[in-house]
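User: Could you walk me through how the protein meets the DNA here, and tell me how you know each thing you say?
Analyst: Happily; let's look at it together.

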Protein chains: 2
Amino acid sequence: MSCVTTLKKKGMKLTTQRRLILDIIHDSGGHLTAEEILDYVQARVPGVNKSTIYRTLELLEDLGCVFKSKLGDRFIYHHAEGGHHHHLVCQTCGKSIDCDEDLFLPAERAVNEKYGFRAEFKHVLISGLCADCRDKT
Amino acid sequence: MSCVTTLKKKGMKLTTQRRLILDIIHDSGGHLTAEEILDYVQARVPGVNKSTIYRTLELLEDLGCVFKSKLGDRFIYHHAEGGHHHHLVCQTCGKSIDCDEDLFLPAERAVNEKYGFRAEFKHVLISGLCADCRDKT
DNA sequence: TTTCATGCAAATGATTTGCATAGTC
DNA sequence: GACTATGCAAATCATTTGCATGAAA
């Protein structure tokens with residue numbers, strides 16, 4: 001079910017701003033900060049306010065349309081299509097590579113067996129060096 | 001080499017505040033936020049200022065005496081003795097369990113082979129449910 | 001026209017910084 | 001006594017909130 005449909009089902013309104021934000025998050029394959037989203041939105045519709053961005057992102061997260069994770073000291077957002085996965089984020093060039101959700105299965109099993117700890121690995125951002133930047137050093 | 005020795009070697013001064021902060025981080029096996037450290041310090045020496053806590057923590061991090069990681073939307077600190085390891089942090093009770101640094105070896109190998117990505121897993125905080133809290137549900 | 005969403009401006013809360021004073025070496 | 005560290009108060013900076021106005025259904 002599309003985000004738009006979900007919105008309407010809940011009696012929420014499909015405004016220009018919301019449509020824009022949805023578009024931008026879908027179009028950018030990667031992940032964006034709230035401020036980057038604000039910039040993109042304002043490039044198309046000047047006058048849109050920060051609060052709207054934050055409120056809309058929170059809304060979309062609640063609806064399950066968008067995922068929010070932490071990168072450094074701020075939050076980043078990306079669309080929720082294609083199920084769960086993780087991100088490899090290059091420290092040098094900032095590029096982001098998607099990788100599949102099974103990545104942490106061994107780690108999950110290990111902590112469950114050793115400590116009975118039920119770890120949650122959802123949309124983890126993994127910091128490091130991508131192949132290109134690694135070779136350039 | 002102890003943190004105190006390192007401090008002195010660099011011509012830095014060993015003040016009451018710095019000694020206190022070091023003690024507290026060493027004594028608490030787990031991890032503390034800057035504010036928690038502030039509370040502990042003020043319990044013993046009233047009048048110590050936030051800025052001092054933050055400045056000292058930054059200093060200790062630079063010296064390699066203390067590690068800083070992110071938990072939720074704030075930073076947490078813990079001592080750097082005993083080498084690298086990760087933390088299992090319970091979402092419910094807040095308890096923290098140390099686990100060894102090899103935990104992510106399979107994940108590291110996987111992303112290296114698939115994408116040539118050199119992942120850095122250092123002092124990762126893993127969120128989830130500890131055995132006690134899991135059973136209480 | 002009813003209700004929800006937006007813009008604005010001000011609040012928040014963790015962390016940082018400038019500067020005069022106090023403490024360590 | 002020289003030089004560093006501290007306390008204080010004010011500044012940052014991302015994010016949040018209250019409220020009157022504007023837009024969608």
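Analyst: This is a predicted model. In it, helix H3 (34-44), helix H4 (50-63) and strand E3 (74-79) of chain A, along with helix H2 (16-27) and helix H4 (50-63) of chain B, each give at least two residues to the surface near DNA strand D. H4(A) has the largest share of that surface, with four residues.

User: Which residues are closest to DNA strand D?
Analyst: The strand is surrounded by 21 residues, and Tyr54(A), Arg74(A), Lys13(B), Arg18(B) and Thr52(B) are the closest.

User: What makes the pair between Thr52(B) and DNA strand D a polar contact?
Analyst: A polar side-chain atom of Thr52(B) is 2.5 Å from a phosphate oxygen of DNA strand D. The cut-off for a pair of N or O atoms is 3.5 Å, so this pair counts as a polar contact.

User: Why does Phe75(A) have a polar contact with DNA strand D?
Analyst: Here the backbone takes part: a polar backbone atom of Phe75(A) lies 3.3 Å from a phosphate oxygen of the strand. That is within 3.5 Å, so the pair qualifies. Gln17(B) also reaches DNA strand D, with a polar side-chain atom 3.0 Å from a sugar or linking oxygen.

User: Which part of DNA strand D does the protein meet, sugar or phosphate, or bases?
Analyst: Among the atoms of DNA strand D within 4 Å of the protein, 67% belong to sugar or phosphate, and the rest to bases.

User: Let's turn to DNA strand C. Which residues come nearest to it?
Analyst: Of the 22 residues around DNA strand C, the nearest are Lys13(A), Arg18(A), Thr52(A), Tyr54(B) and Arg74(B). Of the strand's atoms that come within 4 Å of the protein, sugar and phosphate make up 69%.

User: How do you know that Lys13(A) makes a polar contact with a base of DNA strand C?
Analyst: An N or O atom in the Lys13(A) side chain is 2.4 Å from a base oxygen of DNA strand C. Since the limit is 3.5 Å, the pair is a polar contact.

User: What do the backbones of Asn49(A) and Leu14(B) reach on DNA strand C?
Analyst: A polar backbone atom of Asn49(A) is 3.1 Å from a phosphate oxygen of that strand. For Leu14(B), a backbone N or O atom lies 3.3 Å from a phosphate oxygen.

User: And which helix gives the most to the surface near DNA strand C?
Analyst: That is H4(B), with four residues. By class, this surface has six nonpolar, eight polar and eight charged residues.

Definitions and conventions
Residues numbered from 1 in each chain as written. Chains lettered and ligands numbered in written order. Predicted model: local features only at pLDDT ≥ 70, side-chain atom pairs only at ≥ 80, totals over all residues. Heavy atoms only, no water. Near = heavy atom within 4 Å. Polar contact = N/O pair within 3.5 Å; in protein donor to acceptor, adjacent residues only side chain to side chain. Nonpolar A, V, L, I, M, F, W, Y, C, P; charged D, E, K, R; others polar.
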